[in-house]
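Below are some notes on the model, set out as numbered points for a colleague who has the coordinates open. They begin with one loop residue and its surroundings and then move to the helices and the core.

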Amino acid sequence: MKAVSPLSLILFAACVLALPIPAHCQPSQPNQPQVPAASPASTPTLEQRVSALEAYVANSDPRDSLRASNGSVPPGLTTPVIGIPGPGHNGWLMTAAALVLFMTLPGLALSYGGLVRRKNVLSILAQCWGIAGLVTIIWWAVGYSLVFAKGTPWLGDFRYCFLHGVTSAPNTNYSFWVSQNVFAMFELMFAIITPAIIIGAVAERMKFAAVLVFVGLWLFVVFFPITHMVWGVDGLLNGLNNDAAAVKSIDFAGGMVVHMSSGWSSLVLCIMLGPRRGYGKEKMPPHSMVLCMAGTAMLWVGWYGFNAGSALGADGIAANAFLTTTLSAAVGSSVWAFAEWIQSGKSSVLGFCSGAFGGLVIIAPACGFVTATGAVILGVLGGLLPYLAVVKLKPRLGYDDALDAFGVHAVSGTVGVLLTGFLARVSVNPRLAVHLGAYVGHTLWIEQIKAIFIVMTVAIVGSLIVGGIVRVFIGMRASAEIESLGLDLPEHGEEGYIL
C-alpha cells in the first residue's frame, strides 16, 4: 500500500466516518433478514479509499490510481470514485469566480473608463454592465451547454439548456471535486470579460445598442465555438483532456479562448467602424490615469482567480499559476516602462499599466505549464511586443484601436499561445506526460500553430459576419453630433462628473 501522509490520514478518518457502512459489515439485528455480502468488486477496499482521498488532496482523477494497480476500474465501483464536491476545491473556485468577475466589474470598467475622454466615461461603464447582464442570461439559457456539454468537436449539444441538471454534483468530465454549478459560474466570468475586452477597440464611437447586439451574436458565432474547441471535453483543440482531439494544443487559462478571440475580433471591428472623429489630428489623452491605474491594479488582483482558478482546485498547479502570473505581470510592466524611458527619457503610469496587461495576457495560456524562468521570458516579451505594436505598428497602419485591445490582447495572447508550445514542462504539470508526452519538448509548438490559425480564422471571419449584420440592421456607429458631444448624455442621460 502506498505511504500515507499525516494529513491524508486525518482526512481519511473523516471520510471513512462519513461513508456508509457496507451491509455485510453491519452487526446482525434480531428478526431481520441478513443481507448477502456485496461482491468484492462493488465495495471499495481500504487502499482504494485512501487512494481516492489522496486524489482529492491532489485534485486528480481518483480512477488513475485504481487503473494503475488493477489495469482498469473495477466494475460496479461507484464510491468513492464518483465525483464528490469537496469544500477546499469548491471554496477556492467560488473565490476565483468572484475574482474574475472583479476583473470586469470594476477592474476593466475603471481601467477602460479612465483611458477615454471625460465625456465618454459612463458609456464604458454602461457597456461593461450591459455585457455582464446579457452574457449571464445567454449563459443560463444555452451558452454553458453549447460550450461544456458533449456534442461535436466544434460545439456542445443542448443537454444543459437553462442549466438543467447543473447541480452541486460535479461534472466529472472537468473536475471530480468541484460542484458543476460552481464550475458553470466560474466559466461564466470568462464569458463576461471576453467580449468586454472588445469595447476597448471601439470606445467613444459605437452605439450602446449596437454593442449589445454585436456581443449577443458574437457569442454564438465566435466565443462558444472557440471555447468548446479549446476546453470542451470532446473539443477539436483540447489536447489535454480529449485524446481524440484533431489538434493537440493546450491553453491553461484563456490565451486562445479569451485573448485571441477578443483581440483579433477587436481589430476587425475597429476597422469596420472607422477611426474616431479627429483621430490623428487632435490629441485624445486619457481623462483620468488615476482611474486607469486603480482599474489595472484590480485586474492584476483578479487575474489570480483567472489563472490559478483554472486549475479547478487548490492544488500545486494552481500554486504554480499563482507564481508565474506574478512574475510575468511584474516583468511586463517594468519592460514597457523601460522601453518608454529609452525612447523618451520618461516612464509613464500608462506604460506601467499597459505592460502589466501585456504580461498578464501572455502568461494566461502558459501559467499552469511553465517554470518561473519561463514566466520571466514571457513577461519580457509581454512588455516589449505589445509596446512595439501600440507605439510603432498602430500609427504606421492607421487603425484606431482606441484603448489597444488588439495591440495588447491579440499580440500578447497569440505569442503566449505559441511560446507555450516551447516552454511547457512535464515537471510543472504531470498531466502533460499522461496526455501529451510525445509532444511536449518536441512538436507541441506545431500543434499550437495549428490552433492559432483555426482560432484566428473563426474570430476574424465570425466578427466580419456579425459586424456586417449589425451594420445592416441597426447601424454600428453613433452619429457625428453624438460623438462630438460624447456618448454619456445622449445615450445614458448622465454625466460622469458634475463640477
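1. Arg477 makes contacts with Arg205, Lys207, Leu273, Gly274, Pro275, Arg276, Arg277 and Glu483, once residues up to four places away in sequence are set aside. The model is a predicted one, and the contacts of this residue should be read with that in mind. Arg477 itself sits in the loop between α15 and α16 (480-485), and its relative accessibility of 27% places it in the partly exposed class. The C-alpha atom of Arg477 is separated by 9.3 Å from that of Phe208, although the two residues are 269 apart along the chain.

2. For the chain as a whole, the assignment gives 17 helices and zero strands. Of its 499 residues, 55% count as buried. Among contacts between residues at least 6 apart in sequence, 76% join residues that are at least 24 apart.

3. Which residues have the most contacts inside the largest nonpolar core? They are Trp139, Met206, Trp303 and Phe306, in a core of 128 residues. Helix α5 (residues 121-148) supplies the largest share of this core, with 14 residues. Trp303, taken as one of the four, touches Met103, His259, Ala308, Thr325, Phe357, Leu360, Val361 and Ala364, not counting residues up to four places away in sequence.

4. Helix α13 (residues 405-423) deserves a point of its own, and its length can be checked directly. At 1.5 Å a residue, its 19 residues should span 27 Å, and the C-alpha atoms at its ends are 25 Å apart, so the expected and modelled spans agree. The helix is mostly covered, since 16 of its 19 residues are buried, that is, under 20% relative accessible area.

5. Two packed helices are described by the angle between their axes and the distance between the axes. The axes of helix α8 (residues 255-273) and α13 come within 8 Å and cross at roughly 140°, which makes α8 oblique to α13. The crossing of this pair is left-handed. On the α8 side the contact is made by Gly255, Met256, His259, Met260, Ser262, Gly263, Trp264, Ser266 and Leu267, and on the α13 side by Ala405, Phe406, His409, Ala410, Gly413, Thr414 and Val417. His259, listed here among the α8 residues that meet α13, is also one of the residues touched by Trp303.

6. The second partner of α13 to be noted is helix α15 (residues 444-473), where the axes come within 6 Å and cross at roughly 155°. That angle makes α13 roughly antiparallel to α15, and the crossing is right-handed. Here Thr414, Val417, Leu418, Thr420, Gly421 and Phe422 of α13 meet Leu444, Trp445, Gln448, Ile449 and Ile452 of α15. Thr414 and Val417 take part in this contact with α15, and both are also named in the contact with α8.

7. Helix α4 (residues 87-115) holds Asn90, and a reviewer may ask whether this side of the helix is open. Is Asn90 buried or exposed? With a relative accessible area of 11%, Asn90 is buried. Leaving aside neighbours within four places in sequence, Asn90 is in contact with Pro85, Trp177, Val178, Ser179 and Val182. Pro106 lies in α4 as well, and the peptide bond that joins Leu105 to Pro106 is cis, with omega of about 15°.

8. Two backbone values should be inspected by eye. Asn59, in the loop between α2 and α3 (63-70), has phi near 55°, a positive value in a residue other than glycine, and at 15% relative accessibility Asn59 counts as buried. Leu163, in the loop between α5 and α6 (180-198), has a positive phi of about 55° although it is not a glycine.

9. A last point concerns Val50, which lies in helix α2 (residues 46-58). Val50 is buried, with a relative accessible area of 7%. The C-alpha atoms of Val50 and Pro62 are separated by 9.9 Å, the two residues being twelve apart along the chain.

Technical notes
Residues numbered from 1 in each chain as written. Predicted model: local features only at pLDDT ≥ 70, side-chain atom pairs only at ≥ 80, totals over all residues. Heavy atoms only, no water. Core = buried A, V, L, I, M, F, W, Y, C linked by side-chain atoms within 4.5 Å. Buried < 20%, exposed > 50% of the residue type's maximum accessible area, 1.4 Å probe, protein only. Helix = DSSP H or I, 4+ residues; strand = E, 2+ residues; numbered from the N terminus. Contact = heavy atoms within 4.5 Å. Expected span 1.5 Å × (residues − 1). Axes fitted to C-alpha atoms, helices over the stretch in contact; angles between N-to-C directions. Parallel < 35°, antiparallel > 145°, perpendicular 65-115°, else oblique. Left-handed = near helix turned anticlockwise from the far one by under 90°.
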